[in-house]
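Hi everyone, thanks for coming. Please bring up the sequence and the model on your screens, and I'll walk you through a few places in it.

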Amino acid sequence: MTVHTGRHFLQIPGPTNVPDRVLRAMDMPTLDHRGPEFAELGFAVLAAMQRVFRTRQPVIIYPSSGTGAWEAAMVNTLSPGDKVLMCETGQFAVLWRGIAEKFKLDVDFIPGDWRHGADLAEVERRLVADKQHKIKAVCVVHNETSTGCVTPPLEARKLLDRVKHPALLMVDTISGLGSLVYEHDAWGIDVSVAGSQKGLMLPPGLGFNAVSEKALAVARANQGMRSYWDWQEVIAFNKAGTFPYTPACNLLMGLREAVKMLEEEGLENVFARHKRHSAATRAAIKAWGLETQCVDPNAHSPALTGTRLPDGHDADNFRKIVLEKFDMSLGTGLNKVKGKVFRIGHIGHFNDLMLMGTLAGVEMGLDLAKVPHRGGGVLAAMEVLKGHDAAQAPEA
Ligand code: PLP
């Protein structure tokens, strides 16, 4: 039996720590999802999510994990045989491709080394070569949670416009929304996919699609089979503040409170806080003499940092020691980077001293696991947090 003598340190990049305020907001009697009290909640969370996605278009909320929202994005807009362009940024891009293939989409998968964001120059080349506009959608993962590399969705939009290609732009911002700047409308995103258990500080269980007018029109014309995921039906019910099925009432109560908290802090401040924590984490990793998984200085994720251990040292053994000794969960390396990488989540409900505790646990764990490293990582991070190490501080 695990005994927690204080708060467990949940430093995986999702699910993230749920604030007490959100827990209390959910600790309510379940209500009649067809009654007037629910409609008030329904309208409130639909409007709140439009503000978070920064869109005037509908946001569809599913009682699902992010994977359901991925599937919804595809079955509403695409049909078997449709060509889609996807980029191998890491494990989540690989999993999204898997869904596309199960729906018999024709996936053109641009290879990547899992240490950079998407290869947008190659996306552009393939779009230019697609004179007949066979590619129906370009799909990118905004914040690749398996590596800690960011792909800028706005750059993807710019290149689609530059080459005048009509493909839909779909963005997985499951671990980006609420942690990284995101502008669904201003960036011209057609379908944004998100989940509740990352920057939104909720338990897992809600999936989101934000859509564009163009995506809605494509979906209306799409005869492909779908029922539960069908946007039109949900949007029709949402007009009355309700859903076509029993919604996850208590998670929605939590969502209302979580967005309130994000807005009290101010989304810009939330994004800046994550950037600062990411910069401080990288300063620690540099001081330890270790490498980040992301090697592009412009692509480091504000939400998590993938950290490599030297060859011959097993990252999962290190994580096990940290869990057993210090009651802290760090993210495991996934698929290709299993055993080579551990991930430090600095996403969601998180502050300077939580980061200090996290990095102290990592530094002690490196010692105990006999991973070759230098000391001083925690001190280096403190310099960044105090604002003394301008070189490491994130740009404004
Ligand atoms: N996409 C990204 C970027 C993720 O981080 C995750 C989960 O961690 C998913 C998709 C899958 O979401 P879920 O596990 O909620 O189904």
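**A walk through the model**

Let's begin with helix H10, residues 267–288: at 1.5 Å a residue, its 22 residues should span 32 Å, and the end C-alpha atoms are indeed 32 Å apart, so the two values agree. Do keep in mind that this is a predicted model. Right after H10 comes Gly-289, with a positive phi near 80°.

Now the domains. The assignment for the protein chain gives domain 1 as 20–263 and domain 2 as 266–386. Their C-alpha centres are 28 Å apart. How many residues are in contact between domain 1 and domain 2? There are 22 from domain 1 and 25 from domain 2. On the domain 1 side that touches domain 2, helix H4 (91–102) and strand E7 (149–150) each contribute at least two residues. That side is made up of twelve polar, eight nonpolar and two charged residues.

Next, the ligand. Its surroundings include Gly-14, Ser-65, Gly-66, Thr-67 and Phe-92, and you'll also find Asp-172, Ile-174, Ser-175 and Pro-204 there. By class, the shell around the ligand has seven polar residues, four nonpolar and one charged.

Last stop, strand E3, residues 83–87. Four of its five residues are buried, so E3 is largely enclosed by the rest of the structure. Which way does E3 pair with strand E4, residues 106–110: parallel or antiparallel? The pairing is parallel, over five bridges. If you'd like one pair to look at, take Leu-85, whose bridge partner in E4 is Asp-108.

Thanks, everyone, and I'm happy to go back to any of these.

How values were computed: Residues are numbered from 1 along each chain as its sequence is written. This is a predicted model: local features need pLDDT of at least 70, side-chain atom pairs count only at pLDDT 80 or more; totals for chains, interfaces and linings use all residues. The expected span of a helix is 1.5 Å times one less than its number of residues. A residue is near a molecule or strand if its C-beta atom, placed from the backbone, lies within 6 Å of it. Ala, Val, Leu, Ile, Met, Phe, Trp, Tyr, Cys and Pro count as nonpolar, Asp, Glu, Lys and Arg as charged, and the others, Gly among them, as polar. Domain bounds come from an automatic or database domain assignment. Two residues are in contact if their C-beta atoms, placed from the backbone, lie within 7 Å. A residue is buried if 20 or more other C-beta atoms lie within 10 Å of its own, exposed if 12 or fewer, and partly exposed in between; C-beta atoms are placed from the backbone. Two strands pair if DSSP finds at least two bridges between them.
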